[in-house]
Amino acid sequence: MSTDFEIDKSFNRIENILVFIHQNIDKPLTVEILAEMSCWSRWQLQRVFQNYTGMNVAQYVREQRLSMSALEVLDKKKRMLDIAYSYGFTSEIAFSRAFKQYFHKSPREYQKQAKKIGIQKPFLKQVNVDPLLNSHFYRVRLEYKPSFKVVGLSTRVQGILSDTPDFIEKVPSVWNALDTYITCLSSIPEQKYAVIDTREDNADSLLYWAGISCDALSTDELNLHKVDLQIITIPEQEYAVLPFKGAAQDFSKSVEWLISEWLPTSGHQGIEGFDLEIYRSDTTQGIIDVEYWLPIRSL
């Protein structure tokens, strides 16, 4: 029996376990129950599940229960006690304690803010794309981000729908120009922002910014570079966030999956605005650590 067949077989078993968890999230879900249906021992299940998803079984079940309960908290159609019982908590106090530990707000505080923050959606199998680094599943979360300012440089790029696409040349060029400014700063920002303006009705041309948060600069540094750099205000918005860590050339395939496969069945609609790519500055050579933030609204 080939190694490839064994890998596929393990992948399908994990996929079946994920489906079972999603369909029975309101029922008792122990490692023993899931191990029995998987034909692995408890230790083997934990090892394979961690390898494919990057987290242990109990952690995943807990995140899913709290994320789904958060949506019901925002919906305001059920009492807190009923929501607690629905997701396996023995009391409203136990639910509130676990909820606050995960979201850093009590259920009532979370309800009052009326924003989807930190809600983890289920793992979904990739379709027609190469596997991500160290993972065989995509995972989207829902986030609200208040208005903030980005300072940087912009360029107009011709995208893949253009007769003369030039983004492959222009995007690295604008980042190289920005890096000359970053090296002069008193401290290197932890994150860099790519901002893609999708508000224009122009399929083959987009305005692209490479920048950093204004909060990462002191007032003196902003004043020093304000002649050369531009400041753009990103409005408050709800986003679908897709984390990615892997080879840079595979990132676009992940974004394609988010837009073409996840979005149509998510209960949300994409909107014109500012798409964000948030990069960690300490990425290793050839590997990027980035999150794609897609502006959405609930249907």
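So, where is the place of Thr-155? Thr-155 sits in strand E3, and I'll come back to that strand in a minute. Before that, one caveat: what you see here is a predicted model, so please listen to everything with that in mind.

Okay, the overall picture. The chain has 299 residues, and 46% of them are buried. Its secondary structure comes to 10 helices and 10 strands. If you take the contacts with a separation of 6 or more, 66% of them are between residues 24 or more positions apart. As for the surface, about 16,400 Å² is exposed, with carbon and sulfur atoms supplying 52% of that.

Now the inside. The largest nonpolar core has 71 residues, and the ones with the most contacts inside it are Ile-14, Ile-21, Phe-49, Trp-175 and Tyr-208. Which helix gives the most to this core? That's helix H4, residues 57–75, with 7 residues. There is also another core lying apart from that one, made of 14 residues, including Phe-148, Val-150, Tyr-193 and Trp-293.

Back to Thr-155, then. At 17% relative accessibility, Thr-155 counts as buried, because the cut-off for buried is under 20%. Leave aside the neighbours within four places in sequence, and Thr-155 is in contact with Lys-170, Val-174, Leu-206, Leu-207 and Tyr-208. Tyr-208 should ring a bell, being on that list of residues with the most contacts inside the largest core. With residues up to four places away not counted, Tyr-208 touches Leu-153, Ser-154, Thr-155, Val-157, Val-171, Val-174, Trp-175, Ala-194, Val-195, Ile-196 and Glu-277.

Val-171, Val-174 and Trp-175 take us to helix H8, where they are buried along with Leu-178 and Ile-182. Seen down the helix axis, the buried residues of H8 fall within an arc of 100°, so they line one face. What do they pack against? Four strands: E3 (148–158), E4 (191–197), E5 (205–213) and E9 (274–280). The geometry of H8 checks out too: it runs over residues 167–182, and at 1.5 Å a residue those 16 residues should span 22 Å, which agrees with end C-alpha atoms 22 Å apart.

You can do that exercise again with helix H10, residues 251–262. The 12 residues should span 16 Å at 1.5 Å a residue, and the end C-alpha atoms are 15 Å apart, which agrees. Buried in H10 are Phe-251, Ser-254, Val-255, Trp-257, Leu-258 and Trp-262. Those residues cover an arc of only 150° around the axis, which puts them on the same side of H10.

Next, helix H1, residues 3–23, which is where you'll find Ile-17. Ile-17 is buried, with a relative accessible area of 1%. Not counting residues up to four places away, Ile-17 touches Leu-34, Ser-38, Trp-40, Leu-45 and Phe-49. Take Leu-45: Ile-17 and Leu-45 are 28 residues apart in sequence, and 9.9 Å apart C-alpha to C-alpha.

For the aromatics people: how many aromatic pairs does the count come to? It comes to 15. One of them is Phe-95 with Phe-99, which is edge-to-face, 5.6 Å centre to centre with 65° between the planes. Both of those residues are buried. Being 4 residues apart in helix H6, residues 92–103, Phe-95 and Phe-99 are separated by about one helical turn. As a reminder, an α-helix has 3.6 residues a turn, so residues three or four places apart point the same way. Then there's Tyr-102 with Phe-103: ring centres 4.7 Å apart and planes at 90°, so that pair is edge-to-face. Tyr-102 and Phe-103 are buried as well. Ring pairs link Phe-89, Phe-95, Phe-99, Tyr-102, Phe-103 and Tyr-110 into a cluster.

Tyr-110 leads to my last stop, Leu-74, since that's one of the residues Leu-74 contacts. Leu-74 is in helix H4, the helix that gives the most to the largest core. Besides Tyr-110, and leaving aside neighbours within four places, Leu-74 is in contact with Gln-111, Ala-114, Lys-115 and Lys-116. Leu-74 and Lys-116 are 42 residues apart along the chain, with their C-alpha atoms separated by 8.0 Å.

That's what I've got. Thanks, everyone.

Key
Residues are numbered from 1 along each chain as its sequence is written. This is a predicted model: local features need pLDDT of at least 70, side-chain atom pairs count only at pLDDT 80 or more; totals for chains, interfaces and linings use all residues. Side-chain values use heavy atoms; hydrogens and water are left out. A nonpolar core is a set of buried Ala, Val, Leu, Ile, Met, Phe, Trp, Tyr and Cys residues joined through side-chain atoms within 4.5 Å. Buried means under 20% relative accessible area, exposed over 50%, partly exposed in between (1.4 Å probe, protein chains only). Helices (H or I, at least four residues) and strands (E, at least two) are DSSP runs, numbered from the N terminus. Contact means heavy atoms within 4.5 Å. The expected span of a helix is 1.5 Å times one less than its number of residues. The arc is that of the directions from the helix axis to the C-beta atoms. Accessible areas come from the Shrake-Rupley method with a 1.4 Å probe; for residues, only the protein chains shown count as cover. Rings of Phe, Tyr and Trp (its six-membered ring) pair if their centres lie within 6.5 Å; planes under 30 degrees apart count as stacked, over 60 as edge-to-face and the rest as tilted.
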